[in-house]
Amino acid sequence: MTVPTLLLALLGAASGGVHADNWPSRPIKFVVPFGPGGANDLVARAVADAASKQLGQPIVVENKPGAGSVLGADIVAKSAPDGYTFLTPAAGIVTNALIKTRMPFKEADLVPVAMMAVSPSVIVVPVDSPIKDLKGLVAASKAGKGLNFSTAGTGSTPHFVAEMLKIQSGARLEVIPYKSGSDGMVAVIGKQVDATSEASVVVLPQIKGGKLRPIASTWNRRIAALPDLPTAQEQGYQGVFIGHWSGVFAPRGTPEAILDRMNQAVDAALKSAELRARLIPQGIDPVGGSRAEFVKFLAGEKARLGPIVKAASMKED
C-alpha cells in the first residue's frame, strides 16, 4: 500500500469513528418494504417511536412496497452506510433469495441489526365451518376433493404454512394466491376459500368479531391474546412452525458502533412496559435480543425453509 493510499485509509477510518461517536445527530429512517397498515408496518412504527426515545432523534417510517418486499430492500441495500437508513423487513428477506432466480442486491449487502417482534400465524376457517381443529382440517381435506387455502402469494408465510401442512400430514390443499394476506382472509370470511393462515394482528379483530374461527397458531408457544388456542405443535404437527417476524437491517459498511447502538435501542424499547402493552394485546410477541441472536435466528430460518421451497417447487410468480 502506498503512503497516500495508507493515509486515505487512516483518514477514512478516523472519520468513520468520529461519525459513529456523534451518531445520531439527525433523524433516522426506517424503510418498511410493505404498504401501510399491515403487521410489519405496525411493528416498525411502534418500535420506531419507542427506539427514538432511546436515541434522542426521531425515527421516520417510509413505506416502499413492491416486488414482494424486494423494492424496499434494494433501496436500503444501495443507501449510504451512515446509520441513517435502516430496513425493517419480514421473512421475505430470507425466502426471496430462496425462491427468486434473480435479486438486485446480494445477501451480504444487508446486515442484521435487531429482531423486533413476531406476530404468530393463526390458521383460521369460517366461523360456522364444521372444522374445529387442525386434525379436522387435515381430515376434511382428505375426505373429498381437497380444500382451498388462500395465501398472500408465492413464498408468503401463509404459503409456507400450507406447504408445511401438506408435507407433515399429507393434507390435500389447493393453494390460492391473493394480492395480500388481508385479501386472503376476506376470502375465508366470504367462503370463497376454506381456510388460510395469517398474522395474529391481522385476524384477531375478525376472530373477536365472530367472523373467523381460529384452529391453531404456528409459533412455538401460545399467543398471549389467544391463550386458549393450541399451537400446531401441541396438536401433533411439529413441522408446522413459522411466524410473521420483523427485524432491522442496515446497509453493508455501516459502522459496528452504530449497529450495536441501534440494537441496544431496539432491545431496550421492546423491553419497555409501554411498548409491550401496545403490542401484546394485538397478538404481537416482542422479541429483541442481541445481534448475534438475530443472526443465529436468520441462519436457522434459512436452513429450515430452504428444503420446503424445494419440496414444494416454489417459484416466483
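**Exercise 1. Place S246 in this predicted model: which element holds S246, and is S246 buried or exposed?**

Step 1. In this predicted model, S246 is part of strand β9.

Step 2. The relative accessible area of S246 is 2%. Buried means under 20%, so S246 is buried.

Step 3. Leaving out residues up to four places away in sequence, S246 touches N40, V43, P89, A90, M115, M116 and A117.

**Exercise 2. Do the same for L204: find its element, its burial and its contacts.**

Step 1. Helix α8 contains L204.

Step 2. L204 has 5% relative accessibility and therefore counts as buried.

Step 3. Residues up to four places away in sequence are again not counted; L204 then touches A225, L226, P281, Q282 and G283.

Step 4. A distance can be added. Between the C-alpha atoms of L204 and P214 there are 9.0 Å, and the two residues are ten apart in sequence.

**Exercise 3. Find the helix that holds D267, and list the contacts of D267 beyond its sequence neighbours.**

Step 1. D267 sits in helix α9, residues 256–271.

Step 2. The relative accessibility of D267 is 15%. With the limit for buried at under 20%, D267 counts as buried.

Step 3. Once neighbours within four places in sequence are set aside, D267 is in contact with G288 and G289.

**Exercise 4. Which residues of helix α5 are buried, and why do they lie on the same side of α5?**

Step 1. Helix α5 covers residues 134–143, and its buried residues include L134, L137, V138 and S141.

Step 2. These residues span an arc of only 95 degrees around the axis, so they are on the same side of α5.

Step 3. A general rule helps here. An α-helix has 3.6 residues a turn, so residues three or four places apart point the same way.

Step 4. The face turned away from the buried side of α5 carries K135 and A143, which are exposed.

Step 5. The cover over the buried residues of α5 includes β4, β5, α6, β6, β7 and β8.

**Exercise 5. Repeat the analysis for helix α7: which residues are buried, and what do they pack against?**

Step 1. In α7, residues 181–189, the buried residues are G181, G184, M185, A187 and V188.

Step 2. Their arc around the axis is only 155 degrees, which means that they share the same side of α7.

Step 3. The packing partners of these buried residues are β4 (110–126), β5 (147–151), β7 (195–199), α8 (200–208) and β8 (212–217).

Step 4. Just past the end of α7, K191 has a positive phi of about 65 degrees.

**Exercise 6. Why are strands β5 and β8 each described as largely enclosed, and how do their pairings run?**

Step 1. Four of the five residues of β5 are buried, so β5 is largely enclosed by the rest of the structure.

Step 2. β5 is joined to β6 (residues 173–177) by five bridges, and these strands run parallel. Opposite S150 stands I176 of β6.

Step 3. In β8, five of the six residues are buried, so β8 is also largely enclosed by the rest of the structure.

Step 4. β8 is joined to β4 by five bridges, and this pair runs antiparallel. V125 has R213 of β8 as its bridge partner.

**Exercise 7. Describe the largest pocket by volume, lining and class of residue.**

Step 1. Its volume is about 1,100 Å³.

Step 2. The lining consists of 48 residues, and F34, A152, S156, S180 and G181 are those nearest the centre.

Step 3. At least two lining residues each come from α2, α4, β4, α6, α7, β7, α8 and β9. α2 gives the most, with five.

Step 4. Sorted by class, the lining has 20 nonpolar, 22 polar and six charged residues.

**Exercise 8. Describe the second largest pocket in the same way.**

Step 1. The second largest pocket holds about 340 Å³ of space.

Step 2. It is lined by 16 residues; nearest its centre lie I93, V94, E107, F249 and L298.

Step 3. α4, β4 and α11 (291–311) are the elements giving two or more residues to this lining. α4 gives the most, with five residues.

Step 4. The lining of the second largest pocket has eleven nonpolar, two polar and three charged residues.

Note on methods. Residues are numbered from 1 along each chain as its sequence is written. This is a predicted model: local features need pLDDT of at least 70, side-chain atom pairs count only at pLDDT 80 or more; totals for chains, interfaces and linings use all residues. Side-chain values use heavy atoms; hydrogens and water are left out. Buried means under 20% relative accessible area, exposed over 50%, partly exposed in between (1.4 Å probe, protein chains only). The arc is that of the directions from the helix axis to the C-beta atoms. Contact means heavy atoms within 4.5 Å. On a 1 Å grid over the protein atoms alone, a cavity is a set of points where a 1.4 Å probe fits but cannot get out, and a pocket is an open set with protein on both sides within 12 Å along at least five of seven lines; lining residues have an atom within 4 Å of a point. Grid points are joined across faces, edges and corners, and a volume is the space filled by probe spheres set on the points. Ala, Val, Leu, Ile, Met, Phe, Trp, Tyr, Cys and Pro count as nonpolar, Asp, Glu, Lys and Arg as charged, and the others, Gly among them, as polar. Two strands pair if DSSP finds at least two bridges between them.
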